[in-house]
Amino acid sequence: MTDFRTGNGYDVHALREGLPLFLGGVRIEGSPIGCVAHSDGDVAIHALCDALLGSLALGDIGRHFPDTSDEYKGIDSKILLARVMELVRAGGYELSNADITIALQKPKLAPYIELMREALAKTMGVEVGRVAVKATTTERLGFVGRGEGCEVWASCLVYREK
Ligand code: MG
């Protein structure tokens, strides 16, 4: 008997010139814009954390890592993801797969997709084949299209043998 649970997560950060851009655990080199945030602003990891927390009904990332706490100021979001995976495993569950979609007008993320998959898989302690990362623009529509923000959706499936 296997118990399956799914989760979904969503996050948005505003973009500003002159900040480093971190996505999916990877620094996007040479990006003229980065996310405005209390942490390193890795909006993809934040959405993934919320998906994982959601799968076990453990609340959201803001509850676990409040952005009012100095402990999380400028923190590498991979540390948050690793802690969230510890919570998932403490609940007796293992990750089956995670799927992430990043909406960003520019820069192009294609050269970074595999690096993100590897970084996320390593951080979560799973095989890279269990992690998908996709990127899209919004055809210049909306706040993403105007380059004002980055939007990410994540979903996951976790399982427990019982
Ligand atoms: Mg966030």
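Why are Glu 114 and Arg 117 separated by about one helical turn? The two residues are three apart in helix H4, and therefore about one helical turn lies between them. Helices (H or I, at least four residues) and strands (E, at least two) are taken here as DSSP runs, numbered from the N terminus. The structure is a predicted model, in which local features need pLDDT of at least 70 and side-chain atom pairs count only at pLDDT 80 or more, whereas totals for chains, interfaces and linings use all residues. Residues are numbered from 1 along each chain as its sequence is written, and side-chain values use heavy atoms, with hydrogens and water left out.

The side chains of Glu 114 and Arg 117 are joined by a salt bridge with an N to O distance of 2.8 Å. A salt bridge is defined as a side-chain nitrogen of Lys or Arg within 4 Å of a carboxyl oxygen of Asp or Glu, and the structure holds eight of them. Burial is assigned from relative accessible area: buried means under 20%, exposed over 50%, and partly exposed in between (1.4 Å probe, protein chains only). Arg 117 is buried because its relative accessible area is 19%, while Glu 114, at 42%, counts as partly exposed.

Two further salt bridges may be described in the same terms. In one, Glu 127 pairs with Arg 130, and their closest N and O atoms are 3.5 Å apart. Glu 127 has a relative accessible area of 53% and is therefore exposed; Arg 130, at 26%, is partly exposed. In the other, the side chains of Arg 146 and Glu 148 meet at 2.9 Å, N to O. Here Arg 146 counts as exposed at 54% relative accessibility, and Glu 148 as partly exposed at 41%.

Several backbone features were identified in loops. General expectations for the backbone are that most residues other than glycine have a negative phi, and that most peptide bonds are trans. The peptide bond between Lys 106 and Pro 107 is cis, with omega about 0°. Pro 107 belongs to the loop between strand E5 (94-103) and helix H4 (113-124). Positive phi values occur at Glu 139, with about 55°, and at Arg 140, where phi is near 65°; neither Glu 139 nor Arg 140 is a glycine. Glu 139 lies in the loop between E6 and H5, as does Arg 140. Glu 139 is exposed because its relative accessibility is 65%, and Arg 140 is exposed with a value of 63%.

Thr 137 is also placed in the loop between strand E6 (131-136) and helix H5 (142-145). Its relative accessible area of 22% makes Thr 137 partly exposed. The C-alpha atoms of Thr 137 and Leu 104 are 5.1 Å apart in space, although 33 residues separate the two in sequence. For Gly 7 and Arg 27, 20 residues apart along the chain, the C-alpha separation is 26 Å. Gly 7 is part of strand E1 and is buried, with a relative accessible area of 8%.

Strand E1 also contributes to the largest pocket. Rolling a probe the size of a water molecule over the atoms shows where empty space is left. A pocket is an open set of points on a 1 Å grid over the protein atoms alone, where a 1.4 Å probe fits, with protein on both sides within 12 Å along at least five of seven lines; lining residues have an atom within 4 Å of a point. The largest pocket encloses about 240 Å³ of space, the volume being that filled by probe spheres set on the points, which are joined across faces, edges and corners. Its lining comprises 16 residues, and Ser 39, His 46, Ile 61, Phe 65 and Asp 67 lie nearest the centre. Two or more lining residues come from each of strand E1 (2-17), helix H1 (43-55) and helix H2 (61-64), and E1 gives the largest share, three residues. By class, the lining has eight nonpolar, five polar and three charged residues, where Ala, Val, Leu, Ile, Met, Phe, Trp, Tyr, Cys and Pro count as nonpolar, Asp, Glu, Lys and Arg as charged, and the others, Gly among them, as polar.
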